[in-house]
Amino acid sequence: PKKTIRSILSEGYLIHHTVSKKDLNDVLALLSEKTGISKDMWDQYPHELDGGKRQVVGIARALSMNPKFIVCDEPVSALDVSIQAQIVNLLVDLQKKMGLTYLFVAHDLSMVKHISDRVAVLYLGTLVELTTSAKLYDNPLHPYTQALLSAIPIPDPEIEKERDENKIRLEGEVPSPINTKPGCRFRGRCKYAMPVCEQEMPPLTEIGEGHYV
């Protein structure tokens, strides 16, 4: 928070000696153009920017080292919906231009559908379903995935009222993620649970081509 945007964007180049100080401004100008940062922002501090612009600075800082793989951990969760769309569109655009791979961690399933090629669903840190985005949203197989997708709100009160009767409501308590017990972590909330689930975690199995559950 005590560094200017110029200093934040320069840090990677200076630490790794990938750019000389003489060429730094030219490199920053290219990075800023790529991510939509204006030069007017270079001498500002993070607290002077809104949430969306701060997030763009974070993205630019990550891109400064020319990565191939970027972990995006809840990159839009604290932003307004209109700003969320701008950030996601920027990420998608940069992905196409730079050939990037993202690991996009999020709980907003509408956003996940928009940006992801493949989706992994986790329950208390355990992978319960993995497939392409299209297959997951068209044919969710794990009961937890089915419950998650049924809970996605639709911004139309009439449709949402009709859907409410068909929503899957999970019963039972969420187990402690710290004091884990043997067996399947989802068994206490699963309508398919059997005695064996108390002893063993069901193995991840390929049900269809590239669809694991």
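## A guided tour, beginning at Gly12

Start by selecting Gly12, which is buried at a relative accessible area of 14%, where buried means under 20%, exposed means over 50% and partly exposed lies in between, judged with a 1.4 Å probe and protein chains only. What you have open is a predicted model, in which local features need pLDDT of at least 70 and side-chain atom pairs count only at pLDDT 80 or more, while totals for chains, interfaces and linings use all residues. Residues are numbered from 1 along each chain as its sequence is written, and side-chain values use heavy atoms, with hydrogens and water left out.

Gly12 belongs to helix H1, residues 5-16; helices (H or I, at least four residues) and strands (E, at least two) are DSSP runs, numbered from the N terminus. Now add Met65 to the selection and draw a line between the two C-alpha atoms: Gly12 and Met65 are 6.7 Å apart in space, although 53 residues separate them in sequence.

**Two loops**

Move next to His17, which sits in the loop between H1 and helix H2 (24-35). His17 has a positive phi of about 55°, although it is not a glycine, and it counts as exposed, with a relative accessibility of 68%. Then select Asn66, in the loop that runs between helix H3 (51-63) and strand E1 (69-73). Asn66 is not a glycine either, yet its phi is positive, at about 50°, and with a relative accessible area of 55% Asn66 is exposed.

**The aromatic rings**

Show the aromatic side chains now, and look for the three aromatic pairs that the structure holds; rings of Phe, Tyr and Trp (its six-membered ring) pair if their centres lie within 6.5 Å, and planes under 30 degrees apart count as stacked, over 60 as edge-to-face and the rest as tilted. One of them is formed by Tyr123 and Tyr144, an edge-to-face pair with 4.7 Å from centre to centre and 70° between the planes. This pair links distant parts of the chain, since Tyr123 lies in strand E3 (residues 118-123) and Tyr144 in helix H7 (residues 143-150), 21 residues apart. Both Tyr123 and Tyr144 are buried. Add Phe186 to the selection, and you have the cluster that ring pairs make of Tyr123, Tyr144 and Phe186.

**Thr126**

Select Thr126 next, in strand E4 (residues 126-132). Thr126 is buried, with a relative accessible area of 18%. Which residues is Thr126 in contact with, leaving aside its neighbours within four places in sequence? They are Val121, Arg185 and Met201, where contact means heavy atoms within 4.5 Å.

**The whole chain**

Finally, clear the selection and zoom out to the whole protein, which has eight helices and six strands. Followed from the N terminus, its elements run α-α-α-β-α-β-α-β-β-α-α-α-β-β. Turn the model slowly, and you can see that the C-alpha trace spans about 70 × 40 × 35 Å along its principal axes. The radius of gyration, taken over C-alpha atoms, is 22 Å, whereas a compact globule of 213 residues would have one near 17 Å, by a rule of 2.2 Å times the number of residues to the power 0.38. Of the 213 residues, 36% are buried. Among contacts between residues at least 6 apart in sequence, 50% join residues at least 24 apart.
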